[in-house]
Amino acid sequence: MICPSCSNVADSAEKYCSKCGLALTIRSQKLLSAAGTFSWIMRRALGGMFAGIIGWMLSIALNRVMSVDTAPSLTVELLVRFAIVGTFLGNVGGIIERSSYKALLGGVLGCIGGIIGGLINRPVYDLFANSTSAYSVSHLISWGVVGLFVGMTSGLIERNRKKIIAGLVAGIVGGSIGGILGSTLYAGLLMDPSRSSWLTFRFIEALAGAVVGINLWLVLGLVEKLYIFRRKKISESSEKVCDFCHTQNSIRAWYCKNCGRTLQFAA
């Protein structure tokens, strides 16, 4: 048995973990599993929040620097903003898991999604220009596109078509929710004439980025934990055998050391 709290390997006859003292009962294992699920999701939601804040603030600062010398159009400003924030949001999963490969892949996909989202934002706004919700709708769709590409990352690493689709859907839903909430909040607060200080504007900008990031990774983290990274549990085994090439792997391995395929079992 592996302790659900500290991952210490314990004998099946032991009632308490010799390393952390946890009672090795079914109830404690279920409790720790629920706590682990909550922690998994919240780490990604908080990571998305900070990535959204940093990316949003950085993109605004860069656009202001660019406007001094080159006076870019609104389309270019949107393109830069979505590309930078998309890159930061795409890095979240890899950074939390300490995987340079996943951070790079997620960043590249997030940047691509951001470029596409930035390019379509203005045309979508013009399409709904006669509606009072044109700004919110354009950002809902643009951030949904960003979420679509960010959500692809985990599924692609898992090399599973169904999990890729699950990531796509989760990314679209999370990005769309974050986009409409963030844009509505951003526009509503900035339109208030009483909020005119420089510090207040910066806080509103940071808040908008935080809302986008939290919602995207809250939904995506939930789907990752409950489906994309879900594994069949094994308890009485000292190794994992790859379903594809039948290579023996360490009990703690996630991917096959011979073919790189996902190992569908968790200790």
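This is a short talk on one protein model, with a stop at helix α2 and Val 76.

A word on the source first. The model is predicted.

Start with the whole chain. The protein has six helices and four strands. What order do the elements take from the N terminus on? They run α-α-α-α-α-α-β-β-β-β. So much for the order.

Now packing. The protein has 267 residues, and 42% of them are buried. Take the contacts with a separation of 6 or more: 62% of them join residues 24 or more positions apart. On the outside, the protein exposes about 14,200 Å². Carbon and sulfur atoms supply 65% of that area.

Next, helix α2. This helix covers residues 74–96. How far apart are its end C-alpha atoms? They are 34 Å apart. The expected span is 33 Å, because 23 residues are counted at 1.5 Å a residue, and the two values agree. Just after α2 comes Arg 98, with a positive phi of about 60 degrees.

Now zoom in on Val 76, which lies in α2. Its relative accessible area is 32%. Buried would need under 20%, and exposed over 50%. Val 76 therefore counts as partly exposed.

Which residues does Val 76 touch, leaving out those up to four places away in sequence? Asn 63 and Met 66. Then there is Ile 115, 39 residues from Val 76 along the chain. The C-alpha atoms of Val 76 and Ile 115 are separated by 9.8 Å.

To recap: α2 agrees with its expected span, and Val 76 in that helix is partly exposed and touches Asn 63 and Met 66.

Conventions
Residues numbered from 1 in each chain as written. Predicted model: local features only at pLDDT ≥ 70, side-chain atom pairs only at ≥ 80, totals over all residues. Heavy atoms only, no water. Helix = DSSP H or I, 4+ residues; strand = E, 2+ residues; numbered from the N terminus. Buried < 20%, exposed > 50% of the residue type's maximum accessible area, 1.4 Å probe, protein only. Contact = heavy atoms within 4.5 Å. Areas by Shrake-Rupley, 256 points an atom, 1.4 Å probe, with all protein chains shown as cover. Expected span 1.5 Å × (residues − 1).
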